[in-house]
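Trainee: I have not met this structure before. May we go through it by question and answer?

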Amino acid sequence: MTRTVVASATKEIIIGFDQPFCVIGERINPTGRKKLAAEMAEGNFETVKADALAQVAAGATMLDVNAGVTAVNPNETEPPLLVKTLEIVQELVDVPLSIDSSVTAAIEAGLAVAKGRPLVNSVTGEEEKLEAILPLIKKYNVPVVAISNDETGISEDPDVRFEVARKIVQRAADYGIPAHDIVVDPLVMPIGAMGTAGQQVFRLLRRLREELKVNTTCGLSNISFGLPHRHGINAGFIPMVIGAGMTSAIMNPCRPQEMEAVRAANVLNGADPNCQEWIMAYRDHQPAAPGAVAAPSEGGASSGGRRRGGRAARRSAG
């Protein structure tokens, strides 16, 4: 059974088909969050601290940490800012971290200060990225997110995205990196723009699990980008992707509706023995008042829906 081990200084987590779904908190990411970007650029980390604590309290298994506040000279500005952010977060919470950057120098700087065994987010199928990132993964003996796009961009054909994932797994093997340390992001498309996006990702996930035998992740809220009441779509998507084989997702754990879907899927998937985690989370749960309306997402779009665009815009920087 494929198991990807991540760890902080004090806590080890396993991402795997027989494990509870791994919730990677997305909030420490200034992409699309102007206020947070401005704060971080000024050396103000109060929102970072608050987001770290809130996500762990809400049930995040890991935290994604991104410091891409500007597209101006990211090779110079991003590494020290990412290091500072990682140091602050890992002193505040004990969950494993995901080092999120498209800047190779920032990833390398982050790996030098990260405690435990972080996840690197990410490498693509582009030759330049493979040659830059995979040696770091081998050197530091850490797992990496493999995004299923290459020099040709993001294909709408799921078979093409599968072949890109296969290429990354094979190239990683050339460096002595095992498949269990590759966590593939099959790239979830917005269902509002591509009506087959859900069906595509379910089919891709099954192939990734059965043929490549790798763990998987995604920017979960990409699926609902551009639609109203996004939390409803996201919450419906979660148990379906888990059923198809997805083992983790970058998402906002502070949304109760979506975390309920994760915990329920863990129960039904046999990953919550005796329903213990469900009972601990909801034994004192009070139902919402009749007619209550869910709060709208920040700015009408979640950071998860924006992060792929932000990453793509900065991808060539490293």
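Mentor: We may; please bear in mind that the model is predicted.

Trainee: Between which strand and which helix is the place of Ser101?

Mentor: Ser101 belongs to a loop. That loop follows the numbering from residues 97-100 to residues 104-113. The two elements are therefore β5 and α4.

Trainee: Is Ser101 buried or exposed?

Mentor: The relative accessibility of Ser101 is 2%. A residue counts as buried under 20%. Because 2% falls under that cut-off, Ser101 is buried.

Trainee: Which side chain is joined to that of Ser101 by a polar contact, and at what distance?

Mentor: Glu78 is among the residues that Ser101 touches, as are Leu82, Ala106, Ile107, Asn121 and Ser122, residues up to four places away in sequence being left out. A polar atom of the Ser101 side chain also lies 2.9 Å from the backbone nitrogen of Val103. The side chain joined to that of Ser101 by a polar contact is that of Glu78, at 2.6 Å.

Trainee: Which helix gives the most residues to the largest nonpolar core?

Mentor: The largest nonpolar core has 47 residues, and Leu63, Val89 and Ile182 have the most contacts inside it. Six of its residues come from one helix, residues 158-174, and this top contributor is α6.

Trainee: How many residues are in the other core, which lies apart from it?

Mentor: Phe21, Ala197, Phe202 and Val262 are among the members of that other core. Its residue count is 25.

Trainee: Which residues of strand β8 point the other way from Ile182 and Val184?

Mentor: Strand β8 covers residues 182-185, and all of these are buried. Ile182 and Val184 point one way. Those that point the other way are Val183 and Asp185.

Trainee: What is the handedness of the crossover from β7 to β8?

Mentor: β7 (residues 144-147) and β8 pair in the parallel sense over four bridges, and Val144 has Ile182 as its bridge partner in β8. Between these strands the chain passes through α6, and this β-α-β crossover is right-handed.

Trainee: Through which helix does the chain cross from β8 to β9?

Mentor: β8 also pairs with β9 (residues 215-216) in the parallel sense, over two bridges. In β9, Asn215 is the bridge partner of Val183. The chain makes a right-handed β-α-β crossover here, and the helix, residues 197-212, is α7.

Technical notes:
Residues numbered from 1 in each chain as written. Predicted model: local features only at pLDDT ≥ 70, side-chain atom pairs only at ≥ 80, totals over all residues. Heavy atoms only, no water. Buried < 20%, exposed > 50% of the residue type's maximum accessible area, 1.4 Å probe, protein only. Polar contact = N/O pair within 3.5 Å; in protein donor to acceptor, adjacent residues only side chain to side chain. Contact = heavy atoms within 4.5 Å. Core = buried A, V, L, I, M, F, W, Y, C linked by side-chain atoms within 4.5 Å. Pairing = 2+ DSSP bridges. Right-handed = clockwise from strand over helix to strand, strands pointing away.
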